[in-house]
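Colleague: Got a minute to go through this model with me? I have a few quick questions.

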Amino acid sequence: MSLCLDGNTAAAIIAYKLSDMCSIYPITPSSTMADVVEQMNSQDKQNLFGNITIVTQANSELGAAACLHGAAATGCFPSTFTSSQGLLLMLPNLYFISQQHLPAVIHLATRSIGGSSTTLSPDHSDVYALQNTSMSILGSRNVQEAHDLAVIAHCVAIESSAPFVNFFEGFRVSHQFETFVEVSDEQLRRLFNFEKYAAYKNSGVNPDHPDARGIGIGPELFYAVTEAQSRFFSQIPAAVSAVMTQFEQVTGRKYEPFEYYGNPNADRVIVIMGSASITVQSVVEALDDTVGMINIRLWKPFSIENFVAKIPKTATKLSIMDRSRDFVSTAEPMFKEVVSALIQANLLSQFTFIQNATYGLIGHDLTPGEVLAVFQSLKIAQSPKIRIGVKDDIFNLSLPQVALPESLQLLPKSTKELVLWGIGADGTIGAARNAMKILNDRKKTMQMQANFEFDGKKSGGITITYLRFGDGQIHAQYNPEKADYIACHCQSYISKYDMLKCANQNGVFMLNADYKNIEKELPNSVKRQIASKNLKFYVADCNKIAEDVGLGNRISTVTVMFLLKIGMEGLLDGAQCVTDMKEMARITYKKQSQKVIDSNMNAIEKAAEMVPKCLYEYDMQSWLNASEDDAVSAIYGPPLRDLVVEGEIYDKVQKRQFDQITTSQAEQFTKGVYPSGYSVYEKPGVSNQVAAWESDSCIQCNLCATACPHACIRPFLSDEPKEEYVPAKGKPGQSFKIQISPLDCRGCGVCIDTCPKQCLTYQDLGTEVIKQQKNWDDAFENLIDAVQVDTQSCSLKDLQYSHPYLFNPGSCPGCPETSLIRMLTTLFGKRLVISSAVGCCLVWGHYNQFRPYLKDSQGRGPALATSAFEDNALFGFGMMMAGNDARKNAKSLIIKHIDSAEPALKQSMAYYLENYENGNLSIDASLKLTTLIEASPLKQIFAPYTPYLVKRSHWIIGGDGWAFDIDAAGVDHIMSTNEPVKVLVMNNNCYANTGGQYSKSTTIGAQAKHASLGVQNEQKQLALQLLMYKNVYVAQIAMGADKNQTLKVLREAEAFDGPAFVVAYCPCIAHGIVGGLRNQEKQQKLAVQSGIWPLFRSSRGVLKLDSKRTKDVEEFLVGEQRFQVIKSKSEENYSMFSGKIRAEILRVEGILTALASTTIAEVK
């Protein structure tokens, strides 16, 4: 049966059917596989053995591997799924699993391990990390192969009693939608060896036939036993070949451990594995030349016999292409493996030239032009080392791609290519998938491919969707270079990005914009491109339709109709498109209210009527001659000032001109150290509606600035009267204004609902940009430090006048995490050190060059560092211990030398010692002391210690997935010390960053990924657990419910002389809050008022309750889809869960009340 699914799902279907158990833990980009098997389990689907596959979520990838190991040792046939650092955590167990000959399968969606920095993009560094584990490794190149090789991996694992890894590129294959042929259950039964499966199950750990496994042995046996393993592993390639032959007989699809494509008499051959080999294959098969390629299918065990059998006798030149870098070896892993094989096979002398090539690091796709360049370089034996896809101007090893001859046909002529530019969470990606499914259902023989690109931010960032479809096989693992249809769903993008660069001549360009006058408002550069390529130009205000029918900023239901009716013109019947899209919308939004479903139905009908009316007839000659002076681009584009210089690296990153960045420009970042302050230049401009201030009823409470998740609204004070400013209340002689940065506003609406006097409203972005953007830029530059505030004692209102240290974080619009961290940074920013866990707070706050953390006029500001997800507690603890110890040593030196110091230095030393424990005053004292030390004979003695003179505020931050699950032991350990470490947990009630899987903090009865039927157990009360440590300051906060309590807690925690643990309730977009994250503060208040999230503080055993239960929890539950979807399925289950929630509320309330009463009595 032909399906259109992504690679993760295609592999997961097989993993479920051919496993007794799946141990899972979410990590991007493999998380979908775990989601799929859990959903199949919740639907009671049977595996091939007639059972329901066990699916269990572990506490970490290490836990998932240990579970895999334990299950396999018991005779269970298990599988798991992972990527990148997740695989590294599994490594210790994999040594045991492989050398104990335990059949198991790991499906690996590759992702770079990174090094100096963290990334979500794929390469083969995680595959190569398996090098010494003795795991058998198979490589898949596309969705069909991810599905097929999953079958082969499971079958040969049982056949050979060996564990296998089935890897495929993250995102490029894992998230790519393609048509593929499913292996049926009947075919699986013919392929799977049930006799060996039964024998294996009988060989597991069993008291009926007891034995000992994994024992410790000494040198008398170890070497001999280890060497004897060779026979077992040498037999695996033959087992793989046999299963692949059987697979071909059953399905008709042929696979081999090594596959050769091209001229049988080739003199130049590329050796490669993974998705890029499909691109190489398409070039080889299209060229009329003596070239060929070998695709490595079975990476480990590397079979010399099978490999050399595929080398043409005529081959004299090889390019061995690795998708990873090894900086401390003579070459990369594949190169060394292949050359070693040639030496052992006595074939090295056959070759006059062997090239070590690296390509595709961090997700860069190998293009046909680059493949052609490799073959040309081989022809002239250009260089033994080359780098592809990067501009290396340090060692000059780059190999630039060459232009393809017009005659080279790589794709079937009927293939159409489309590109859609969207905004994260606007629904574009989901709608594109639905469109492909519709096409697949209506055109069974049509071949399709959909790939997606993200900018690394949360919802609200850039997404680019690449689509291909046609009658023939699509062998292309790179983005379209000549698109027939390009759509821009965000008006401001066309002023920033050259999206028409890849537009095909006579193609179509669709733009979502609210232009009142297209001729005046469309950038001239875009006009020239449209005219020069003779593009059909459609302009539609899709936001207005979505707003009119009640969809808010979810415009995808509207824009997808342009895709179906224009992008897929001639393939689908117009009326049928409407019917099919309605059915898809019903499926997509089945968990939403009927109102949401009805709104989508209306949007589809209105859009279908509108499409033909939106074609804009332009004057071609006039547009070809449009002026070079482009005022529109200047309005919407990011300002080029200060450090963002045109043509420099930040400018290229901002314009997404990644292929123009050189290694010499990037060399400044090789240590993984990036400067602060660049987010002020990004100016995303992604919301059609932005906040606007009306001064008449404003009481100047500044609550809007406190609540704004993106820090784009703040109060300014001026000593001089200014236009639109009003007299400042309580500040004689000063004028006041709430100023918004329209291009930074995400339109979340949190500020509008927070305002007690409704003096904030929505206005069109275009209008506000013209009216207010310059006002913001001027105020931010000239008035940001107009008021000096004592952040340690000021009111919540006055705190908003203080210098901001967080601006324009890339979070989901409305996210409460960012408001909380902005308060933290405003309080302690000039001396703040943060250790950030991997997760949402890393993605919105510590990803790419445009990070949101700022510096002040003195160059001070928050310093951040991150290690791995699973070690953040001890990583941050190490930072704190090292910094504090160095400061203590500096103090000792000062005490030692103070009596002999000259008078001015002695006075400065005394002032420093006097203010040693005062955070803010220690800054002034340190600056004065450092200046005098630099001019004194003590300079050399103090040089290692002067960087540590300021009293730092050390905080370790992360989400509940980090603190409650994967690093719970680390958090517990640092809390058990007496060291002044501060932990702030943003409790999302789920694994937010990986898509909403349940964590130990998820409320019982909530539906989440990996808990389709609702979370079955009460949530972990980590704050209550830590109350057992009497030396720890423990607090539970919800900033949206009580901002003043949050302010008080952060100050108390920072001042506490010992460990402090603060956990904040931060609702997530995955909760499905009715009305979206605009209502997250409302839900925080209801969580507190219902008792589901009580507020309290405890210091050295003295507990104070800061909230009272005043409402029934039902008011909280009805506001979130994660609870209501359970109700829609079963009133009985919903009633049962809500009863347990009420019981848990009373239990926790009883504990806290008792503790509060006890401590009050003890104090008295």
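Modeller: Sure, this is a predicted model, and we can talk about one glutamine and then a sheet.

Colleague: Where does glutamine 772 lie?

Modeller: Glutamine 772 is in helix 28, which covers residues 765–782.

Colleague: Is glutamine 772 buried or exposed?

Modeller: Buried: the relative accessible area of glutamine 772 is 11%, and the cut-off for buried is under 20%.

Colleague: OK, and what does the side chain of glutamine 772 make a polar contact with?

Modeller: With the side chain of glutamine 739, at 3.1 Å.

Colleague: Which residues does glutamine 772 touch, leaving out those up to four places away in sequence?

Modeller: Gln739 again, plus Glu724, Lys737, Ile740 and Pro742.

Colleague: Switching to the sheet. How many strands does the open sheet have, and in what order?

Modeller: Eight strands, ordered 29-28-30-31-33-32-34-35, and the pairing is mixed. Strand 29 (863–865) and strand 35 (1102–1105) are the edges, each pairing on one side only. From one strand to the next, the twist averages 15 degrees.

Colleague: How many bridges join strand 28 to strand 29?

Modeller: Three, and the two strands run parallel; strand 28 is residues 832–836. As one example, serine 835 has alanine 865 in strand 29 as its bridge partner.

Colleague: Last one: which strands does helix 37 lie across?

Modeller: Helix 37 (residues 968–975) lies across strand 30 (953–959), strand 31 (982–987) and strand 33 (1060–1065). Helix 37 runs at about 135 degrees to strand 33.

Key. Residues numbered from 1 in each chain as written. Predicted model: local features only at pLDDT ≥ 70, side-chain atom pairs only at ≥ 80, totals over all residues. Heavy atoms only, no water. Helix = DSSP H or I, 4+ residues; strand = E, 2+ residues; numbered from the N terminus. Buried < 20%, exposed > 50% of the residue type's maximum accessible area, 1.4 Å probe, protein only. Polar contact = N/O pair within 3.5 Å; in protein donor to acceptor, adjacent residues only side chain to side chain. Contact = heavy atoms within 4.5 Å. Pairing = 2+ DSSP bridges. Axes fitted to C-alpha atoms, helices over the stretch in contact; angles between N-to-C directions.
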